[in-house]
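This report walks through one protein chain, with attention to annotated positions, pockets and helix packing. Please keep the sequence and the structure at hand while reading.

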Amino acid sequence: MKRFKMIVAYDGTNYNGFARQPNGVTIQETLEEAISKIVQHEVRTLGAGRTDQGVHAKGQCVTFDSDTKVPAEKLAKAINSQLPLDISVKTVEEVSMDFQPRFGAKRKTYRYQILNSQVRDPFLYKYSLQYPYKLDIELMQEAANQMVGKHDFACFCSAGSSVKDTVREIYSIEIKKNEDLIAVDICGNGFLYNMVRIIIGTLLRVNEGKLSTGDIKKIINGKDRQKAGPTVPPQGLTMLDIIYE
């Protein structure tokens, strides 16, 4: 038996998230069906992150085990021939059997896009949050800088998470503007359930004057989810990259 590591990109619009579930089509289910046709036996995949419904990925890491004789360098093209156009396997490589995509990640990077316009864009509505009010990028960056470092981020975790350890380290938050499109890139060693979307909601609260930059540390130290901002919609979020040891 061999273990294969895939880097997968997908548009999450038409899926009920990554993880297989009884109701609704998922990325994981679709991948497994495609791979099984190629290797000619049933497979189960494991992903590095359970992206929610509507969330996208450019660098999701997924593994599966198989005794297939198809070489790794030919698997990507073969699997893609069985996938819909909104999912693509970018690379496939053979890794050791002890490799686990959910563990050992050195850093993960997510991007959240905000369309800062009063008019919706038919080409961006699936990949950004339309925000019609003025954005103070410098103020938001100042607030974001308060989140960088190793903290207990319980205040940025949605209810329903089973994770007991809520300490994470954020390495950087960069807010970049390209005309009306704002990209917030967040890099860390891991993220809690809805953590990135709550961070964005909190930054928007700062922009609106409902929170100050000085409130950020108090919110983190207070560990109270109700003090942080709302969970913004999923369509603006993309898993960009995962780097392992």
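Where is the place of proline 234?

## Proline 234 and its surroundings

The model described here is predicted. In this model, proline 234 has its place in the loop that runs between helix H5 (215-222) and strand S10, the latter spanning residues 237-244. Once the neighbours within four places in sequence are set aside, proline 234 is in contact with Gln53, Gly54, Val55 and Arg197. Valine 196 offers a further reference point, since 38 residues separate it from proline 234 in sequence, while the C-alpha to C-alpha separation in space is 9.9 Å.

## Annotated positions

An unreviewed UniProt entry places the feature "active site" at Asp52. Aspartate 52 is found in the loop between strand S2 (45-47) and S3, and S3 is the strand that covers residues 56-66. Is aspartate 52 buried, partly exposed or exposed? Its relative accessible area is 22%, so aspartate 52 counts as partly exposed, given that the buried class is reserved for values under 20%. Apart from neighbours within four places in sequence, aspartate 52 is in contact with Gly17, Tyr193, Asn194 and Arg197; Arg197 also appears among the contacts of proline 234.

The annotation "binding site", again from an unreviewed UniProt entry, covers Tyr110. This tyrosine lies in strand S5, and with a relative accessible area of 11% tyrosine 110 is buried. Not counting residues up to four places away in sequence, tyrosine 110 touches Val184, Asp185, Ile186, Phe191, Val196, Leu237, Thr238, Met239 and Leu240.

The same record type also supplies a domain assignment: UniProt, in an unreviewed entry, places "domain: Pseudouridine synthase I TruA alpha/beta" at residues 7-103 and 143-245. Over residues 7-103 the chain is 23% helix and 28% strand, with the end C-alpha atoms 16 Å apart. Over residues 143-245 the chain is 23% helix and 31% strand, and here the end C-alpha atoms are 30 Å apart.

## The two largest pockets

The largest pocket holds about 950 Å³ of space. Its lining is made up of 36 residues, and those nearest the centre of the pocket are Gly49, Arg50, Phe191, Leu192 and Tyr193. Strand S5 (105-115), strand S8 (167-178) and helix H4 (195-207) are the elements that give two or more residues to this lining. Sorted by class, the lining of the largest pocket has 15 nonpolar, 14 polar and seven charged residues. Two of the residues nearest the centre have been met above, as Phe191 is touched by tyrosine 110 and Tyr193 is in contact with aspartate 52.

The second largest pocket holds about 170 Å³ of space. Which strand supplies the largest share of its lining? That share, three residues, comes from S3, although strand S1 (2-10), S5 and S10 each supply at least two residues as well. Among the lining residues are Asp11, His56, Lys58, Arg111, Tyr127 and Thr238, and by class the lining divides into five nonpolar, three polar and three charged residues.

## Helix packing: H2 and H5

In helix H2, which spans residues 72-80, Ala72, Leu75, Ala76 and Ile79 are buried. These residues lie on the same side of H2, because they cover an arc of only 100 degrees around the axis. The face turned away from that buried side carries Glu73, Lys74 and Lys77, which are exposed. The buried residues of H2 pack against S1, helix H1 (27-39), S3 and strand S4 (87-95).

Which residues of H5 are buried? In this helix they are Ile216, Ile219 and Ile220, and because their arc around the axis is only 95 degrees, they fall on the same side of H5. Lys218 and Asn221 are exposed on the other side of H5. The cover over the buried residues of H5 includes helix H3 (137-145), strand S7 (149-152) and H4. Directly along the chain, H5 is followed by lysine 223, whose phi is positive, near 55 degrees.

How values were computed. Residues are numbered from 1 along each chain as its sequence is written. This is a predicted model: local features need pLDDT of at least 70, side-chain atom pairs count only at pLDDT 80 or more; totals for chains, interfaces and linings use all residues. Side-chain values use heavy atoms; hydrogens and water are left out. On a 1 Å grid over the protein atoms alone, a cavity is a set of points where a 1.4 Å probe fits but cannot get out, and a pocket is an open set with protein on both sides within 12 Å along at least five of seven lines; lining residues have an atom within 4 Å of a point. Grid points are joined across faces, edges and corners, and a volume is the space filled by probe spheres set on the points. Helices (H or I, at least four residues) and strands (E, at least two) are DSSP runs, numbered from the N terminus. Ala, Val, Leu, Ile, Met, Phe, Trp, Tyr, Cys and Pro count as nonpolar, Asp, Glu, Lys and Arg as charged, and the others, Gly among them, as polar. UniProt positions are given in the numbering used here, feature names are shortened, and annotations may be inferred rather than shown by experiment. Buried means under 20% relative accessible area, exposed over 50%, partly exposed in between (1.4 Å probe, protein chains only). The arc is that of the directions from the helix axis to the C-beta atoms. Contact means heavy atoms within 4.5 Å.
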